[in-house]
Amino acid sequence: MDASHLSDINLQTAVITVSTSRTADEDISGAAIKELSEAADIPVTFYRVVPDEIGAIRRALQEALLVATCVIINGGTGITHDDCTIEAVAPLFEKTLDGFGELFRIFSLEDVGTRVLLSRAAAGIIDQRAVFCIPGSTPAVRLAMVKLILPEMRHIVTHANK
């Protein structure tokens, strides 16, 4: 890749877990995001578990945007009556990264088959920061982080800041 596509910027990750049933002590998926981010030398500067409520998700997101270049929200992306992460976040996107959700579903097809139709994984840019909304299952988190988010985070944030 042409070096002009990557800036020497300090990346920081924020992790928001959306769940009405998990606490921080039980948040295996959030822990996986933190572990993978830190293993890639990207510090985690914000972490919070919030309920499946639009207001709570937006409040945590606004706090996270103040201290991180990349916000990863896990959970609440399905289609049950209380899943509202996409409804909370998508209206705030200034730009959408449609390819993220498309690729996430393609990669997930092998693991979960046609159940991938239920995934509303999405990503976009808010205030020059990358925001990813991914399912809360640990395998989905690992797939998103390893195959998509970590390999492209610097590229995405570089372009978001041009």
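This report walks through helix H1 and strand E3 in a predicted model.

## Helix H1

Let's start with the helix. H1 runs over residues 28-39, so to speak a 12-residue element, and spans 16 Å from its first C-alpha to its last, close to the 16 Å expected at 1.5 Å a residue.

Which residues of H1 are buried? They are Ser 29, Gly 30, Ala 32, Ile 33, Leu 36 and Ser 37. These residues sit on the same side of H1, because the arc they cover around the axis is only 155 degrees. There's a general rule behind this kind of pattern: with 3.6 residues a turn in an α-helix, residues three or four places apart point the same way. Turned away from that buried side is a face carrying Ile 28 and Ala 39, both exposed.

## What H1 packs against

The buried residues of H1 have plenty to lean on: they pack against strands E1 (13-18), E2 (44-50), E3 (70-74) and E6 (129-134), plus helix H5 (138-160). Just past the end of H1, Asp 41 takes a positive phi of about 60 degrees.

## Strand E3

E3, one of those packing partners, is itself mostly covered, with five of its five residues buried. Cys 70, Ile 72 and Asn 74 point one way from the strand, while Val 71 and Ile 73 point the other way. That fits the usual picture, since side chains in a regular strand alternate between the two faces of the sheet.

E3 pairs with E1 in the parallel sense over five bridges, and with E6 in the parallel sense, also over five bridges. Val 71 shows up in both pairings: Ala 14 is bridged to Val 71 in E3, and Val 71 has Val 131 as its bridge partner in E6.

Conventions. Residues numbered from 1 in each chain as written. Predicted model: local features only at pLDDT ≥ 70, side-chain atom pairs only at ≥ 80, totals over all residues. Heavy atoms only, no water. Helix = DSSP H or I, 4+ residues; strand = E, 2+ residues; numbered from the N terminus. Expected span 1.5 Å × (residues − 1). Buried < 20%, exposed > 50% of the residue type's maximum accessible area, 1.4 Å probe, protein only. Arc of directions from axis to C-beta. Contact = heavy atoms within 4.5 Å. Pairing = 2+ DSSP bridges.
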